[in-house]
Amino acid sequence: MRLVLYSKPGCHLCEGLQEKLMEIVERGVFAGLELEVRDITTRADWFEVYQYEVPVVFLDRLPFGTLRERAASRREDAKVREELLPRPSPRATVQQLEQMLRKYV
């Protein structure tokens, strides 16, 4: 499973959330959970959708390197597999993020 974080350079909310999510992933709180950070400035379609919304977090339940990679070229098919997670408060602690993630992971 993977958390997908859409962010952009210079976004302090994105950077803070990324640090907290990395801590959760590195501590192994959820077995097999990975974090993928997607810079919305690298693709016009991501920028168009998320330019006013970052940070945005999705949960991708498919294991990396299998069907997910094959579906990557079929954007709509890949997007269906990603579940939008509620936006955490910028003031949320790592423990509060863990508690929120337990509902979805």
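1. A good place to start is the middle of the sheet, at strand 3. Val56, Phe58 and Asp60 point one way from this strand, Val57 and Leu59 point the other way, and all are buried. In a regular strand the side chains alternate between the two faces of the sheet. Five of the five residues of strand 3 are buried, so the strand is largely enclosed by the rest of the structure. Please keep in mind while reading that this is a predicted model.

2. Which strands does strand 3 pair with? Strand 1 (residues 2-7) is joined to strand 3 (residues 56-60) by five bridges, and the two run antiparallel. Within that pairing, leucine 3 has leucine 59 as its bridge partner, and arginine 2 has aspartate 60. Strand 4 is joined to strand 3 as well, through three bridges, again in an antiparallel arrangement. Here aspartate 60 turns up once more, standing opposite glutamate 82 in strand 4. Strands of a sheet pair through backbone hydrogen bonds, either parallel or antiparallel.

3. Stepping back to the whole sheet, you will find four strands in the order 2-1-3-4, forming an open sheet with mixed pairing. Strand 2 (34-39) and strand 4 (82-84) are the edge strands; each has a single partner strand, so one side of each is left without a neighbour in the sheet. From one strand to the next, the twist averages 30 degrees.

4. The overall layout is easy to trace. The chain has five helices and four strands, and along the sequence they follow the pattern β-α-β-α-β-α-α-β-α. Of its 105 residues, 36% count as buried. Among contacts with a separation of 6 or more, 71% come from residues 24 or more positions apart.

5. Helix 1 deserves a look next. Helix 1 (residues 12-27) lies across strand 1, strand 2 and strand 3, and runs at about 160 degrees to strand 2. One residue to pick out in helix 1 is glutamine 18. Is glutamine 18 buried, exposed or partly exposed? Its relative accessible area is 29%, so glutamine 18 is partly exposed. Leaving aside residues up to four places away in sequence, glutamine 18 touches Leu5, Leu35 and Val37. For the last of these, valine 37, the C-alpha atom is separated from that of glutamine 18 by 7.9 Å, although the two are 19 residues apart along the chain.

6. Where is the largest pocket, and what lines it? The lining is made up of His12, Leu13, Gly16, Leu17, Lys20, Pro55, Arg87, Pro88, Ser89, Pro90 and Leu97. Helix 1 gives the most to this lining, with five residues. The space in the largest pocket comes to about 180 Å³.

7. Finally, a word on the cysteines. How many disulfides does a search of the whole structure find? The count is zero. A disulfide is a covalent bond between the sulfur atoms of two cysteines. Cysteine 11 has 10% relative accessibility and cysteine 14 has 2%; buried means under 20%, so both count as buried.

Notes:
Residues are numbered from 1 along each chain as its sequence is written. This is a predicted model: local features need pLDDT of at least 70, side-chain atom pairs count only at pLDDT 80 or more; totals for chains, interfaces and linings use all residues. Side-chain values use heavy atoms; hydrogens and water are left out. Two strands pair if DSSP finds at least two bridges between them. Axes are lines fitted to C-alpha atoms, for helices over the stretch in contact, and angles run from 0 to 180 degrees between N-to-C directions. Contact means heavy atoms within 4.5 Å. A disulfide is a pair of cysteine sulfur atoms within 2.5 Å. Buried means under 20% relative accessible area, exposed over 50%, partly exposed in between (1.4 Å probe, protein chains only). On a 1 Å grid over the protein atoms alone, a cavity is a set of points where a 1.4 Å probe fits but cannot get out, and a pocket is an open set with protein on both sides within 12 Å along at least five of seven lines; lining residues have an atom within 4 Å of a point. Grid points are joined across faces, edges and corners, and a volume is the space filled by probe spheres set on the points.
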